[in-house]
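Let's walk through this model together, one question at a time. Keep the structure open beside you and look for each part as we reach it.

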Amino acid sequence: MEIQLTLNGKKLTCAIESDTLLIDLVRQQGCFSVKRGCETSNCGLCTVLLDGTPVLSCSVLAARAAGHQVQTLEGLQEEAEEFVGFIADQGAEQCGFCNPGYVINTIALLRENPDPTDDQIRAYLAGNLCRCSGYEGQLRGIRNYLNWRKEERHGNV
Amino acid sequence: MATYKVVGTSMRKKDSMQLLLGKPLFVDDITPQDALVVKVLRSPHPNALVEEIDSSKALLVPGMVAVYTYQDSPQERFTMAGQTYPEPSPRDRLLLDRHVRFVGDAVAIVAGETEKAVDRAMKLIKVRYQVLEPLLDFHKAKDNPILIHPEDSWNAPCPVGADNKRNLCASDTCGDGDVEAVLSRCDYVVEHTYQVKACQQAMMETFRTYTEMDRYGRLHVVSSTQIVFHCRRIIANALGIPKSKVHVEKPRIGGGFGAKQTVVAEVYPAFVTWKTGRPAKMIYTRQECQTAGSPRHAMDVTVRLGATKDGTIRALDVYTLSNTGAYGEHGPTTVGLSGHKSIPLYTGGLEAFRFSYDVVYTNVQSSGAYRGYGATQGIFAVESAVNELADILHMDPAALREKNIVREGMVMPAYYYEVANACALDQCISRCKEIFNWDAKYPIRDMGNGKVRAAGMALSMQGSAISNCDVGSATIKLGDEGFYNLIIGAADMGTGCDTILAMIAAETLECSPDDIVVFGADTDASPYDSGSYASSTTYLTGKATEKACLELRDNMCAIAASMLKCDVSQLEFQGDGVYRLDGTGFVSRGDIATASMVNNCVPAQATVTHSSPVSPPPFMVGMVEIELDRETGSVEVLNYSSVVDCGIPIAENLARIQAEGGIVQGIGMALWENVTYTPQGRVLEDSFMQYKIPTRLDMGTLHVEFAYSHEPTGPYGAKSIGEVVINTPAPAIAHAIFRATGVWHRSLPITPEKILMETGHG
Amino acid sequence: MLKIGSYVRAKSLEEAYTLSQKRSSVILGGMLWLKMQNRSVQTAVDLCDLGLDKIEEQEDCFSIGAMVPLRALEIHPGLQALTQGAMAEALKHIVGVQFRNVATLGGSLYGRFGFSDVLTLFQVLDAKVELYHHGVMSIREFAEFPRNTRDLLVRVTVPKGERRVCYLSQRNTATDFPVLACAVSEAGGHYTCAVGARPGPAVVFTDEEGLLKNGVSRESGEAFGAWVANRAVFGSNMRGSAEYRRKICAVLVRRCLMQLEEV
């Protein structure tokens with residue numbers, strides 16, 4: 001079947017199978033940031049934004065995304081770049097395989113809740129597994145970013 | 001502590017922004033999407049012989065290219081363990097064997113144009129098995145009439161005490177002093193058996209490999225591996241082809257933790273490409289990782305610990321029974337660490353020790369290398385026994401340890417009589433007590449709602465590379481305008497070794513790490529390196545890097561001497577170039593680089609290979625505070641504090657992340673990560689739905705600090721950190737749970753159900 | 001892997017219903033459970049264009065479309081107020097935000113899964129389920145309804161009114177399936193208790209014995225908890241034994257009751 005959707009701001013017409021999953025479609029379109037880490041919807045590596053909402057692209061039919069906006073990290077580079085340097089400072093990206101899903105979901109969190117507490121950060125990102133970092137450095141990175149952003153906004157820098 | 005310009009700072013990893021921005025860097029991102037899809041048909045039986053296999057219908061599926069069976073397999077046995085030749089692990093594998101030995105063992109290699117075609121074809125392959133009685137319980141394996149490897153072609157190239165006619169993958173005993181005599185004179189002997197499961201590394205990127213024929217008709221392998229050189233050898237062995245025909249490189253690796261120190265996936269697409277000449281790719285599913293991967297060796301470690309009533313530990317007797325599963329990868333070596341990296345912690349007043357072990361074959365998934373590599377299992381046992389002793393003696397467990405630990409300068413008989421040249425374990429304990437607030441948190445506190453808070457502690461050690469064995473190498477090369485290429489064969493699997501080695505190079509060459517460009521690892525281009533395992537990279541390849549840079553400094557001075565028309569003895573290297581000592585001349589790095597490319601016979605590069613006669617142990621202390629619900633058995637980890645002595649950390653931020661990541665893996669192992677089997681030998685925890693690794697809601701708050709020692713044989717005083725960090729959580733948490741419930745749990749994981757049912761509360 | 005012959009976005013409930021009558025067709029919910037199954041489906045029917053993704057507050061109830069994602073329920077202020085936060089407590093442990101943005105109320109309820117937090121909570125909210133063909137029924141009737149019924153779950157209504165609700169679950173890790181799920185509500189002095197993940201689907205208990213007739217105290221709560229734990233049927237699976245479940249059931253029921261008293 002043929003579907004139309006908007007991928008990272010570009011309108012696309014794609015030929016897909018009825019059972020093509022969104023993760024496979026976006027990877028076919030060159031969005032290699034989107035990773036598969038499990039078959040059971042548990043890892044969060046494949047997170048993309050569907051009409052701005054973070055979803056597991058391994059669990060959404062490509063057909064269901066027809067007519068909708070899909071964003072992967074490829075389409076969110078600027079928004080990501082501002083924040084991920086703080087993760088890099090910690091070294092908390094480690095192997096990097098879980099990074100795209102984690103970065104996208106952090107973007108979604110901060111859009112929804114620009115000033116989250118540590119507990120709110122942990123809760124929102126609980127579905128993003130990471131086996132390398134132990135999570136603490138990722139939290140420090142987000143916290144440092146939020147502090148920096150506050151200072152920036154109050155012109156204290 | 002000496003002052004360094006680069007070493008000891010915190011630094012962004014060189015690949016961090018590319019990784020964080022999701023650039024295509026991993027095997028499946030950088031290789032063609034239209035390669036043949038390779039999958040493996042796996043045995044549903046734990047022990048069976050393939051009687052008949054018919055793939056004719058499968059091959060009729062449109063898009064199917066090949067189905068290979070045991071009849072197509074080379075018949076020379078090999079091991080998939082990525083270890084130095086000749087591997088200590090027995091040669092007990094065939095690419096495809098008629099005898100399948102665990103649920104998930106390879107029966108056929110299936111290759112086709114699309115995943116759909118391959119999936120359809122897999123269902124159409126008809127296999128008739130002669131089902132044999134399986135041997136699933138490793139306690140019954142030794143001398144059991146069911147033999148896992150009855151075949152005569154089985155062979156063990158190293159003298160590790162292996163005997164396939166007894167299901168023994170390895171067996172040995174060693175010691176110092178008369179353990180029985182000392183034990184008989186002790187006031188107390190603590191004797192228990194402690195059990196650790198075959199936990200999974202669960203790296204986020206599953207095993208995966210791409211293969212193609214290159215322009216010279218050689219097999220080009222792009223794989224997510226920690227060991228490119230071992231991988232080359234093993235693939236060649238498995239396929240029965242010359243080593244010269246294989247070229248292995250690794251791109252970014254999505255985590256390894258030892259899993260990718262075994263050649264788990266590589267041989268299958270390699271065989272397909274070698275046979276068909278076509279590009280091929282194998283991507284393991286998570287289920288395959290969980291059921292046909294290379295997990296930790298399940299071990300039962302029995303400890304007999306003898307002490308005086310004033311708390312002097314006089315004797316340790318450790319016996320380990322290790323389950324290597326269907327094949328012997330890393331079986332003979334992991335087990336050694338269960339004694340050699342637990343007993344030496346108590347060198348202080350130890351008069352005698354004995355360490356013996358058996359490693360047995362069974363019909364379950366083959367084990368492999370997982371961070372900690374046997375030390376984890378041994379330390380859970382010995383540290384638990386020490387905590388039990390503290391309880392018996394009514395002694396503070398930290399004070400008990402301060403009385404008995406190994407200290408700088410001591411000879412460690414249980415650690416191959418090595419001297420602890422750099423050891424800040426005593427400082428680790430005192431500092432950890434401070435930051436954790438041990439004296440306030442150790443007493444049991446009733447929170448009044450059925451919940452209690454309690455604390456526990458444990459020590460840990462590991463090694464830094466395998467002494468007299470591992471080889472690390474580095475090539476450093478001066479380039480135009482004065483930048484440097486650092487070329488390595490060690491594999492950065494996310495830990496940041498590319499950056500850490502660049503920092504060592506920058507320190508030695510007195511420049512910025514930004515001036516160092518790193519490349520690795522590639523068997524055609526990198527200098528030989530054993531690979532990234534055994535906590536070796538910073539220590540060993542780091543030292544090779546330092547030495548290579550020193551050599552390059554000399555070479556640059558030699559080139560400068562001809563430029564400045566003077567003797568080398570009149571010159572001095574400084575970071576930006578070479579100076580005449582009398583101040584009358586200077587040539588910059590860039591000038592030397594340019595000069596090196598014209599009429600020059602002095603190499604503007606250096607390659608150094610390094611090996612070490614010692615394996616200096618890093619040390620660590622972990623202290624945990626838990627809240628335990630006495631009515632449900634739930635445990636919440638509140639705080640985990642630790643102080644690590646890894647010598648001088650090269651990049652402090654990256655060392656901290658290593659510690660934090662290791663601690664959280666250890667927490668998972670202690671509390672939830674379980675491996676259970678059906679009576680038919682199938683692993684139940686075969687997905688992330690069933691095998692629960694910690695989320696960020698499960699691990700409490702971590703606090704990591706460093707106690708510095710200076711290892712004289714390491715680069716800039718460094719020891720290792722990658723593995724030592726996983727060992728403390730299990731014994732510390734078991735200790736805290738005992739404090740909260742009065743029950744010692746000696747078998748992992750310690751689930752809420754075990755806690756509640758064995759406590760008698762609720 | 002799930003294989004789908006054709007994908008159809010239904011234009012009406014009638015079309016969806018007609019299509020769904022074939023054994024080889026399936027109605028898509030969030031697809032999370034479905035996609036893990038190794039099965040072939042001829043027609044997958046998607047209800048996503050039928051406007052069933054809304055939570056509407058009406059005079060006497062909240063009307064929740066079958067396609068409403070769990071995350072929307074979790075953060076809906078009206079539902080939080082109505083349940084004193086029990087709605088969020090029941091949902092927030094389910095895997096992760098991205099998962100709950102995909103999982104739907106309809107999908108969660110229609111399967112009447114044993115592990116379902118959703119089914120457990122909705123059982124004590126006096127909720128009603130609207131099936132396209134079989135009409136409106138109480139969620140308890142629905143829970144018992146034959147599983148091979150080929151019908152469409154259209155929406156769920158949750159009545160407003162004074163009701164105190166508490167939800168607690170025992171999990172081995174924070175985002176794992178529950179080992180046991182427990183919901184208790186009180187309205188007009190009547191207590192309703194649902195116990196899920198036994199590991200069978202949630203079952204409901206009321207205070208038939210009048211153990212709570214003099215109000216909830218530590219003693220009466222304990223008595224009621226023990227009574228429920230004795231009445232409920234428990235089984236064993238990877239996450240816990242029947243015996244363990246029975247023990248913690250008594251505890252969770254009592255704790256729910258005690259927490260209700262604090263509301």
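Q: Which residue in β5(B) does Y68(B) stand opposite?
A: Keep in mind that this is a predicted model. The strands to look at are β3(B) and β5(B), residues 106-112, which run antiparallel and are joined by four bridges. Across from Y68(B), in β5(B), stands I109(B).

Q: Which are the edge strands of the open sheet with the order β3-β5-β1-β12-β9-β10-β11 in chain B?
A: This open sheet has seven strands with mixed pairing, and its twist averages 20 degrees from one strand to the next. An edge strand pairs on one side only. In chain B that description fits β3 (64-68) and β11 (246-249).

Q: At about what angle to β5(B) does helix α4 of chain B run?
A: Helix α4 of chain B covers residues 115-124 and lies across β1 (36-42), β3 and β5 of that chain. Its direction relative to β5(B) is about 145 degrees.

Q: Which helix of chain B packs on the sheet with a direction that makes about 15 degrees with that of β9(B)?
A: Look for a helix touching β1, β3, β5, β9 (208-213), β10 (219-223) and β12 (280-283) of chain B. The helix spans residues 267-276, and its name is α7.

Q: Why does T302(B) count as buried, exposed or partly exposed?
A: First find T302(B) in strand β13 of chain B, residues 298-307. A residue needs 20 or more C-beta neighbours within 10 Å to be buried, and 12 or fewer to be exposed. T302(B) has 16 C-beta neighbours inside 10 Å, so T302(B) counts as partly exposed.

Q: Which residues does T302(B) touch, not counting residues up to four places away in sequence?
A: To get a sense of distance, take P694(B): this residue is 392 residues from T302(B) in sequence and 28 Å away in space, C-alpha to C-alpha. Contact is judged by C-beta atoms lying within 7 Å. Leaving aside residues up to four places away in sequence, T302(B) touches T193(B) and Y319(B).

Q: In what order do the elements of chain A run from the N terminus on?
A: Chain A has five helices and five strands. Reading from the N terminus on, the order is β-β-α-β-β-β-α-α-α-α.

Q: Why does the radius of gyration of chain A agree with that of a compact globule?
A: The C-alpha trace of chain A spans about 55 × 35 × 25 Å along its principal axes, and 62% of its 157 residues count as buried. A compact globule with 157 residues would have a radius of gyration near 15 Å, so the value for chain A agrees: 16 Å.

Q: Which residue takes a positive phi near 50 degrees in the hairpin of β3(A) and β4(A)?
A: Strands β3 (residues 47-50) and β4 (residues 53-56) of chain A pair in the antiparallel sense over four bridges. T47(A) stands opposite L56(A) in this pairing. Two residues sit between the strands, and the residue with the positive phi is D51(A).

Q: What is the bridge partner of T192(C) in β12(C)?
A: Strand β11 of chain C (residues 190-196) and strand β12 of chain C (residues 203-206) run antiparallel and are joined by four bridges. Their hairpin has six residues between the strands, where A197(C) takes a positive phi near 55 degrees. In β12(C), the partner of T192(C) is T206(C).

Q: How many nonpolar residues are on the side of chain C that touches chain A?
A: Here 23 residues of chain C are in contact with 24 residues of chain A. The elements of chain C that give two or more residues to this side are β1 (3-9), β3 (40-46) and α5 (97-102). By class, this side has six polar and four charged residues, and the nonpolar ones number 13.

Q: Which element gives the largest share of the side of domain 2 of chain C that touches domain 3 of chain C?
A: The C-alpha centres of these two domains lie 20 Å apart, and their contact takes 22 residues from domain 2 and 24 residues from domain 3 of chain C. On the domain 2 side, α4 (86-91), α7 (117-122) and α8 (139-144) of chain C each supply at least two residues. The largest share is four residues, and it comes from α7(C).

Technical notes: Residues are numbered from 1 along each chain as its sequence is written. Chains are lettered from A and ligands numbered from 1 in the order in which they are written. This is a predicted model: local features need pLDDT of at least 70, side-chain atom pairs count only at pLDDT 80 or more; totals for chains, interfaces and linings use all residues. Two residues are in contact if their C-beta atoms, placed from the backbone, lie within 7 Å. Ala, Val, Leu, Ile, Met, Phe, Trp, Tyr, Cys and Pro count as nonpolar, Asp, Glu, Lys and Arg as charged, and the others, Gly among them, as polar. Domain bounds come from an automatic or database domain assignment. Two strands pair if DSSP finds at least two bridges between them. Axes are lines fitted to C-alpha atoms, for helices over the stretch in contact, and angles run from 0 to 180 degrees between N-to-C directions. The radius of gyration is taken over C-alpha atoms; the globule rule is 2.2 Å times the number of residues to the power 0.38.
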